[in-house]
Amino acid sequence: MAQQLDDPKVRANLQKELNAWTISRDLLHEQYEQAVHDLEYHRGVHAKMTNIYEQQAQKEDAKTRGPQL
């Protein structure tokens, strides 16, 4: 095994595999961060739209009920 690791071809292949794994891990991490960002954005948009719809419903309800004492 030690002789195999001394072989430059074996070392080069191991280095290539390590680099590929590192790149894959970095890309996966970037995709995860983007997904979290997108999820937070969509949750914010949903909350904002829900709030707008609730306010509109309250205004419509207030119009139909009239003044309250």
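Reader: How many of the 69 residues of the protein count as buried?
Author: Of the 69 residues, 0% count as buried. Keep in mind that this is a predicted model. For a residue to earn the label, its relative accessible area has to be under 20%. As for the overall layout, the protein has 2 helices and 0 strands, and its accessible surface is about 6900 Å², with 57% of that belonging to carbon and sulfur atoms.

Reader: Why is Tyr53 called exposed?
Author: The cut-off for exposed is over 50%. Tyr53 has 51% relative accessibility, so it counts as exposed. You'll find Tyr53 in helix H2, which covers residues 8-65. Tyr53 also joins Tyr41, Val45, Met49 and Ile52 in a nonpolar surface patch, with about 470 Å² of accessible area together.

Reader: What makes the contact of Arg25 with Asp26 a salt bridge?
Author: Distance, basically: a side-chain nitrogen of Arg must lie within 4 Å of a carboxyl oxygen of Asp. The closest N and O atoms of Arg25 and Asp26 are 3.5 Å apart, so the pair qualifies. The structure holds 1 salt bridge.

Reader: And how do you know whether Arg25 and Asp26 are buried or partly exposed?
Author: Partly exposed runs between the 20% and 50% limits. Arg25 sits at 44% relative accessibility, so it is partly exposed. Asp26 has a relative accessible area of 37%, so Asp26 is partly exposed too.

Technical notes: Residues are numbered from 1 along each chain as its sequence is written. This is a predicted model: local features need pLDDT of at least 70, side-chain atom pairs count only at pLDDT 80 or more; totals for chains, interfaces and linings use all residues. Side-chain values use heavy atoms; hydrogens and water are left out. Patches are made of residues with over 30% relative accessible area and no salt bridge: like charges are joined within 9 Å, nonpolar side chains (Val, Leu, Ile, Met, Phe, Trp, Tyr) within 5 Å. Accessible areas come from the Shrake-Rupley method with a 1.4 Å probe; for residues, only the protein chains shown count as cover. Helices (H or I, at least four residues) and strands (E, at least two) are DSSP runs, numbered from the N terminus. Buried means under 20% relative accessible area, exposed over 50%, partly exposed in between (1.4 Å probe, protein chains only).
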